Amino acid sequence: MHIVTTHKNTDFDALASVIAGTLFYPGAVGVIPSSVNRNVDQFLSTHKSAFNLIGPEDVDFEAINRLTVVDTNHWYRLDRMEKLRGRDGLHIDLWDHHMTTRGDISGDLEYREQIGATISLFMREMPQEHLRNLSPLESTVFLIGLYEDTGHLTFPTTTPDDARAAALLLEHGADLNVARFFLNPPYEKGQKDAFFKMMQATRRITIHGHSVGFHRISMRSKVPELAEVVSLCRQVMGVEAIFGIYDLGNYHTIIGRSTVEAIDIGKILGELGGGGHPGAGSASVKNESTTPKESEKNIESLLLHNTASQITIASIMSSPVISVPPDTTMEKVKRIMDKQGVRGLPVMEGKRICGIIVLSDLKRVKKTKQWQAPVKAFMTRDITTTTPDASPMQVARIIIDREIGYLPVIEKGEVLGIVSRTDLLGWFYHMQPESLATELKKNAVPSLT
Ligand SMILES: [Mn+2]
């Protein structure tokens, strides 16, 4: 007998992957743990009979010779499967996308990779003949799992394969009204109370240029879907990452959420004995070994010392800076821009920056004799600057909000470099220096007439 199972506190990606497993392996039976997430529970209470699913209590363990595990790679996260561990001749297939933690389940056959949802892996690998028979109901569950794990395809872990899977599921009749209903369940009173406590308790700090929220809250009992509430709190607080610590007496649970690559939640909480994805994760810590307050300090210092992957604007900016003194003629400014292929120049009085002149300012030169006028007559004096430790994301925000193309990078009054919109674009889209050069040429200064 072949069973397909997944982790406790089953979410929609896990449920979808179990169902997909029963399609991928004809004859296999899906085993759903007793504890499932609230929205999965609501879904199953009305739809369970439509699928070939049983509970662990119904499994005849003696008869099992093949086990497929989906959406986790840890034995302890499975429900009542310990007795299969180490069984002779048991063939194990593993389908998972939790890459930051390597658990203790190793498959004879493994489909493990960095992808937004496990269900997307199934969709990609599913043979045509099974895909053809995919029902609208199956497509709907799969789409809910896919959207839940990828934040509707917006989490940074989302891959083109996830988007292709979404397209396929929509083609097979996935119902977005049903999906929306289960993706946005209304909040209960306990969750609302937790949310207000979080909002009051959250303190914001900036670490390596990223805004991070922290809160520590004592709870008498568990709140269902607390992680959802934490995500909402992060959004409302407007922080890039958040860590919530919930003291339940004997132990505390830590929930983390991040929207920036530089803060890898799975990695950080992995250090505290938990795990997850770059964007989401959790950990449980016994209070007798570490107090909630100590956990908070530990996370802070992990964030502080996690500088390896930390990209600052200093590594993107152009330097040394080509600059001009305030008395430079506009004609010379234009010639420098042409020759150097730059679209903006800081105007420097000695070591001090007093203005900036950009390509579009040259359009304000109307009369021929104005080309002999000094740059100080045309430059912008009200300059926005940034510091070398700013993150590319922060600089992008400034450039977008103030609609500027050039930002001098300044430390202790000294101009270290200059960052342009083109530099940022190049970095965000991983453009090669060659394609950037073409970009610059495209925007080259029109020649003097
Ligand atoms: Mn998943």
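In this predicted model, Lys334 is a buried residue, because 20 other C-beta atoms lie within 10 Å and a residue counts as buried when 20 or more do so. Lys334 belongs to helix H12, which covers residues 330–340. A useful pair to look up in the viewer is Lys334 and Thr10: they are separated by 324 residues in sequence and, from C-alpha to C-alpha, by 63 Å in space.

The strands make a good next stop. Strand S4 spans residues 66–70, and 4 of its 5 residues are buried, so the rest of the structure largely encloses this strand. Strand S4 has pairing partners that can be followed one at a time. With strand S1 (residues 2–6), S4 pairs in the parallel sense, and 5 bridges are found between the two. One position to look for here is Thr5, whose bridge partner in S4 is Val69. With strand S5 (residues 91–96), S4 again pairs in the parallel sense, over 5 bridges. In this pairing, Arg66 has His91 of S5 as its bridge partner. As a reminder for anyone tracing these strands by eye, side chains in a regular strand alternate between the two faces of the sheet.

Farther along the chain there is an antiparallel pairing to set beside these. Strand S13 (residues 344–349) and strand S14 (residues 352–358) run antiparallel and are joined by 6 bridges. Within this pairing, Met348 lies opposite Ile353 of S14. How many residues lie between S13 and S14 in their hairpin? The hairpin has 2 residues between its strands, and Gly350, in the turn, has a positive phi of about 65 degrees.

The helices can be read in a similar way. Helix H3 (residues 118–125) packs with helix H6 (residues 160–171) at an angle of about 70 degrees, and their axes are 9 Å apart. H3 is therefore roughly perpendicular to H6, since angles from 65 to 115 degrees fall into that class. The crossing of these helices, H3 and H6, is left-handed. Which residues make the contact? From H3 come Ile119, Ser120, Met123 and Arg124, while H6 contributes Asp161, Asp162, Ala165 and Leu168. By type, the residues of this contact between H3 and H6 comprise 4 nonpolar, 1 polar and 3 charged.

Terms used: Residues are numbered from 1 along each chain as its sequence is written. This is a predicted model: local features need pLDDT of at least 70, side-chain atom pairs count only at pLDDT 80 or more; totals for chains, interfaces and linings use all residues. A residue is buried if 20 or more other C-beta atoms lie within 10 Å of its own, exposed if 12 or fewer, and partly exposed in between; C-beta atoms are placed from the backbone. Helices (H or I, at least four residues) and strands (E, at least two) are DSSP runs, numbered from the N terminus. Two strands pair if DSSP finds at least two bridges between them. Axes are lines fitted to C-alpha atoms, for helices over the stretch in contact, and angles run from 0 to 180 degrees between N-to-C directions. Angles under 35 degrees count as roughly parallel, over 145 as roughly antiparallel, 65 to 115 as roughly perpendicular and the rest as oblique. A crossing is left-handed if the near helix is turned anticlockwise from the far one by less than a right angle, and right-handed if clockwise. Two residues are in contact if their C-beta atoms, placed from the backbone, lie within 7 Å. Ala, Val, Leu, Ile, Met, Phe, Trp, Tyr, Cys and Pro count as nonpolar, Asp, Glu, Lys and Arg as charged, and the others, Gly among them, as polar.
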